[in-house]
Amino acid sequence: MKIVQIVFSPTGGTQKVADIITAEWGLPLEKIDLSDRNEERTEVIENENTALIAVPSFGGRVPEIAVRRLKKISGNGAKCVLVCVYGNRAYEDTLIELKDAAEECGFNVIAAIAAVAEHSIMHQYAAGRPDEQDKKELEDFAHIILDKIEDRQISASVSEIPGNRPYKKAGSSGLVPKADNSCVSCGLCARNCPVGAISKENLKTADSDKCIYCMRCAAKCPKNARKVNSAMVAAAALKMKKVCSGRKENELFVLK
């Protein structure tokens with residue numbers, strides 16, 4: 001048996017959480033990167049393997065592009081663990097939407113985790129997370145889930161994944177990253193954009209109709225040249241201060 005990581009992680013926080021979990025399982029690992037539009041392909045997961053599907057929560061929903069790419073993968077009845085990662089606000093309908101999508105693909109969902117990582121735009125929220133406390137919690141979750149994967153009796157209580165159907169209306173931050181004068185036109189942003197929103201002919205900005213505000217271009221920029229409007233970020237951070245300031249904890253859900 002091997003573990004198949006199916007991950008959409010534009011800025012690396014979701015990937016970090018996924019790696020902490022799968023490292024504890026100590027099994028051979030295959031990775032499918034849903035963030036890379038150049039790797040978009042049809043896959044069939046072998047039934048004896050286990051998948052870990054990890055996505056960030058964008059405004060309480062699964063990023064639409066991640067759902068679309070996930071649906072090209074056939075779960076083939078394989079066991080599946082879901083992970084949603086959020087920036088210390090709320091994940092709302094993300095996990096239940098991810099569960100529905102995974103089951104539509106033919107996966108057998110056995111467990112789910114909601115984990116906290118540093119906010120991809122307002123970095124003061126959940127700064128430095130996952131931290132050592134998170135790592136220990138996620139490792140503990142991984143051991144409980146491994147027993148479930150291997151059909152051993154587990155001590156965790158069975159629980160339902162939270163969320164609503166119909167899902168909340170998808171929104172957007174409207175914060176499109178643009179390049180400043182330190183941009184050297186290397187083109188890494190265009191090559192790494194999950195949705196092709198940056199033209200090679202105009203690297204300074206992005207197509208606001210295509211951009212999903214994932215901040216991958218900013219994370220990949222070697223010159224730290226791509227940024228969002230600081231005044232708009234400050235206003236958004238102030239609006240979210242009350243709900244984001246207290247430390248949110250990671251959660252484990254084990255299914256029947």
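I began with the pairing of E6 and E7, which run parallel and are joined by eight bridges; strands are DSSP runs of E with at least two residues, helices runs of H or I with at least four, both numbered from the N terminus, and two strands pair if DSSP finds at least two bridges between them. The model is predicted, and I kept to its limits: local features need pLDDT of at least 70, side-chain atom pairs count only at pLDDT 80 or more, and totals for chains, interfaces and linings use all residues. Residues are numbered from 1 along each chain as its sequence is written, and side-chain values use heavy atoms, with hydrogens and water left out.

Within the parallel pair I found Lys79 opposite Asn108 in E7. I then followed the chain from E6 through helix H3 (residues 94-104) to E7 and noted that this β-α-β crossover is right-handed, meaning that, with the strands pointing away from the viewer, the path from the first strand over the helix to the second runs clockwise. E7 is also joined to strand E10 (residues 251-254), antiparallel and by four bridges, and there I noted Leu252 as the bridge partner of Ile113. Of the nine residues of E7 (residues 108-116), eight are buried, that is, under 20% relative accessible area with a 1.4 Å probe and protein chains only.

Next I looked up the pockets, a pocket being an open set of points on a 1 Å grid over the protein atoms alone, where a 1.4 Å probe fits, with protein on both sides within 12 Å along at least five of seven lines; lining residues have an atom within 4 Å of a point. The largest has a volume of about 1000 Å³, taken as the space filled by probe spheres set on the points, which are joined across faces, edges and corners. Its lining has 42 residues, and those closest to the centre are Ser57, Phe58, Gly59, His119 and Ser173. H7 gives the largest share of this lining, five residues. For the second largest pocket I noted about 390 Å³, with 21 lining residues, among them His119 and His123, which belong to the group closest to its centre.

Last, I asked why the count of disulfides, pairs of cysteine sulfur atoms within 2.5 Å, comes to zero. The sulfur of Cys84 lies 13 Å from the closest cysteine sulfur, in Cys80, too far for a bond, and that of Cys244 lies 14 Å from its closest, in Cys84, again too far. Cys84 is buried at 0% relative accessibility, and Cys244 is buried at 2%.

Terms used. Buried means under 20% relative accessible area, exposed over 50%, partly exposed in between (1.4 Å probe, protein chains only).
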